Amino acid sequence: MNIKKPKHISSERLILRPIVIEDLEVIQNYSIDTEWHRFLDFHTKESVEEFVTKAVNSPWEEHARFSIMFDNHMVGGVGLYIEMKEKRAEIGYSLSKNYWGKGIIPEAVTRVIKYGFEEMKLEKIFAQTDLRNTPSQAVMKKMNMTKEGTFRKHSIAQNKRRDIVYYSILKSEWENK
Ligand SMILES: CC(C)(COP(=O)(O)OP(=O)(O)OC[C@H]1O[C@@H](n2cnc3c(N)ncnc32)[C@H](O)[C@@H]1OP(=O)(O)O)[C@@H](O)C(=O)NCCC(=O)NCCS
């Protein structure tokens, strides 16, 4: 399945456009914040550069990464890591701390879930986070995702093993909501 990269998609307050290499500096600037990356390894200049370069160069049908434009500023991102054979994707998201608490990520994630189910013909979208990352789980709950379970000491971030919680939504559930 060859899915064309869109120029952009939009929601009430946001324009979501494919990530470009010029986004690197903004992402480096907001991810350096210690509260921002408290559950993540994604915070050194090098790790952010590797992530952005990979996202920009990945085939769209494998990693569809949108940058979020709000009030003409690039403020964060939402991406789908796609397993096309399984019609399934993991959704990941992040936002500059200056914009937390305004419902920006729920709005962006709602739009990208719609894109995933309608345009990419996915049938399941899941998300995972550190068990202690309550803001991220709040987003999953707002998406009406169902908790699948907790994987004990599943990942390593900042040299510590982390409990990881998984949530998901099926296309049929999304259509019926
Ligand atoms: C998780 C995250 C994406 C949420 O985005 P958001 O657009 O702020 O989402 P919301 O506005 O719906 O707020 C979600 C929760 O964040 C918390 N929150 C809101 N404002 C906050 C603030 N100023 N400071 C700290 N936490 C805040 C609240 O728990 C809120 O839940 P509630 O609405 O039930 O009270 C954002 O906090 C973030 O980028 N965090 C750092 C990176 C990260 O952890 N990404 C997820 C990896 S899995």
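The legends below describe several views of one predicted protein model. Residues are numbered from 1 along each chain as its sequence is written. In this predicted model, local features need pLDDT of at least 70 and side-chain atom pairs count only at pLDDT 80 or more, while totals for chains, interfaces and linings use all residues.

**View 1. The whole protein has five helices and eight strands.** Helices (H or I, at least four residues) and strands (E, at least two) are DSSP runs, numbered from the N terminus. Along the sequence, the pattern reads β-β-α-α-β-β-β-α-β-α-β-β-α. The radius of gyration, 15 Å, is close to the 16 Å that the globule rule gives for 177 residues, so the protein is as compact as a globular protein of that length. This radius is taken over C-alpha atoms, and the globule rule is 2.2 Å times the number of residues to the power 0.38.

**View 2. The ligand is surrounded by 19 residues.** A residue is near a molecule if its C-beta atom, placed from the backbone, lies within 6 Å of it. G101, I105, T129, P135 and A138 come nearest to the ligand. Two or more shell residues are given by each of β5 (88–95), α3 (104–118) and α4 (134–142). The largest share, five residues, belongs to α4.

**View 3. The largest nonpolar core holds 39 residues.** Such a core is a set of buried Ala, Val, Leu, Ile, Met, Phe, Trp, Tyr and Cys residues joined through C-beta atoms within 7 Å. A residue is buried if 20 or more other C-beta atoms lie within 10 Å of its own, exposed if 12 or fewer, and partly exposed in between, with C-beta atoms placed from the backbone. I68, V78, I91, A108, V109, V112 and I113 touch the most other members. The helix α3 gives the most to this core, with seven residues.

**View 4. Helix α3 has 15 residues.** Its end C-alpha atoms are 21 Å apart, which agrees with the 21 Å expected at 1.5 Å a residue; the expected span is 1.5 Å times one less than the number of residues. The buried residues of α3 are I104, I105, A108, V109, R111, V112, I113, G116 and F117. An α-helix has 3.6 residues a turn, so residues three or four places apart point the same way.

**View 5. N2 lies in the segment before β1 (9–10).** N2 is exposed because 6 other C-beta atoms lie within 10 Å. The C-alpha atoms of N2 and W60 are separated by 8.7 Å, although these residues are 58 residues apart along the chain.
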